Amino acid sequence: MKQLIRDTGGVRIISLSGKITIGSGDVMLRELINQSLESGHDKILLELGGVSAIDSSGIGEMVASYTSAKNRGAQLKLVNLSRKINDILQVTQLITVFDVFETEEEAVQSFG
Amino acid sequence: MQATLCFGSQFENIEIAELALERFLEPWSPSAEDLFWVQSALREAVSNAIRHGHVGDPEQQVRVQFTGENSVLTVTVADRGMGFNPETLPDPTDPDYLLKSHGRGIFCMKQFMDRVVFHPREGGGTMVEMTRTINDGNKES
């Protein structure tokens, strides 16, 4: 998994690409979110356009990151999901948990 | 058509199993959709064998078999772990479990495949058998 981190309008945008799967991407995702939270970022946007695959471990890390952010009073939102990742969030019903946006502009504005 | 693969119980080997499945299916020209979901189910099954079956012991062997017959792919993944009762697993979509960070692997396998059955193995361990009808990608519009 590769990542690109940007800060725009008070929002930390973490763009991910490749696989978020057991033994590699899942751990990296956890570390990226924890580092952002620890450095004081309370508005985090995960941009998933380049993610080719995610497994249950990757999904689990996304859920853990969401909970971690919420417990610290921070927000974690998602943008630019591929159809397959959207399908996975639908079947696991996590689509009801995450705030999901189609465009980055829309997502950044939603943080207020 | 059948192929069998045995490898050490390490997460790095999941990619090899996925690649082997892709090669196995090549003569069928599977749709991208089918390939994605069967590879995803395989990944979950092998992850379970490594993490829960063999509890991270890299000396153990995971055995994977692909069988293709009349457009139906059957994938089996076998470990030598302690075994488990899949009926006792909670539903990860239940509101009490929705925010848990684990427990979605078998649920996902069942969503991605047409049929998923767990068998206890003689001598110990579990074999999961998963089937899915594979559509010819060349015939899709």
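Gln93(A) is found in the loop between H3 and strand E5 (100-101) of chain A, and this residue of the predicted model makes a convenient place to begin. Its backbone deserves a second look, since Gln93(A) has a positive phi of about 65° although it is not a glycine. Most residues other than glycine have a negative phi. As for its surroundings, Gln93(A) counts as partly exposed because its relative accessibility is 39%, a value that falls between the limits of 20% for buried and 50% for exposed.

Chain B offers a residue with a similar feature. The place of Ser29(B) is in the loop between helix H1 (14-25) and H2 of chain B, and its phi is near 45°, again a positive value in a residue other than glycine. With a relative accessibility of 25%, Ser29(B) too counts as partly exposed.

How confident is the predictor in chain A? The average pLDDT of chain A is 95, and 100% of the residues score at least 70. Within that chain, confidence is lowest in helix H1 (residues 25-38), where the mean is 92, and highest in strand E4 (residues 75-79), where it is 98.

From the single chains we can turn to the place where they meet. The contact draws 25 residues from chain A and 23 residues from chain B, and the area buried between the two chains is about 1900 Å², with carbon and sulfur atoms giving 64% of it. On the side of chain A, Ile22(A), Ser56(A) and Lys84(A) lose the most area to chain B, and together they account for 30% of what that side buries.

Charged and polar groups also take part in this interface, across which the rule finds 4 salt bridges. One of them joins Lys19(A) to Glu18(B), with the closest N and O atoms 3.5 Å apart. Across the interface there are also 5 residue pairs in polar contact, both residues of each pair being at pLDDT 80 or more. Strand E3 (43-54), helix H2 (56-71) and helix H3 (83-91) of chain A each supply at least two residues of the side that touches chain B, and the largest share, 8 residues, comes from H2(A). Sorted by class, that side of chain A has 10 nonpolar, 10 polar and 5 charged residues.

On the partner chain, helix H3 (residues 105-112) of chain B is mostly covered, with 6 of its 8 residues buried; these are Gly105(B), Ile106(B), Phe107(B), Cys108(B), Met109(B) and Phe112(B). What do the buried residues of H3(B) pack against? They pack against H2 and H3 of chain A, and also against helix H2 (32-53), strand E4 (115-120) and strand E5 (126-133) of their own chain B.

Strand E5 of chain B is where Arg132(B) has its place, and this residue counts as buried because its relative accessibility is 14%. A polar atom of the side chain of Arg132(B) lies 2.7 Å from the backbone oxygen of Phe112(B). Beyond its neighbours within four places in sequence, Arg132(B) is in contact with several residues, including Asp34(B), Trp37(B), Ser71(B) and Asp114(B).

A last stop is Asn85(B), which lies in the loop between strand E3 (72-78) and H3 of chain B and counts as partly exposed because its relative accessibility is 39%. A polar atom of its side chain lies 2.9 Å from the backbone nitrogen of Glu87(B). Asn85(B) and Ile106(B) are 21 residues apart along the chain, and their C-alpha atoms are separated by 12 Å.

Conventions
Residues numbered from 1 in each chain as written. Chains lettered and ligands numbered in written order. Heavy atoms only, no water. Contact = heavy atoms within 4.5 Å. Buried area = accessible area lost by both parts, 1.4 Å probe. Salt bridge = Lys/Arg side-chain N within 4 Å of Asp/Glu carboxyl O. Polar contact = N/O pair within 3.5 Å; in protein donor to acceptor, adjacent residues only side chain to side chain. Helix = DSSP H or I, 4+ residues; strand = E, 2+ residues; numbered from the N terminus. Nonpolar A, V, L, I, M, F, W, Y, C, P; charged D, E, K, R; others polar. Buried < 20%, exposed > 50% of the residue type's maximum accessible area, 1.4 Å probe, protein only. pLDDT = per-residue confidence, 0-100.
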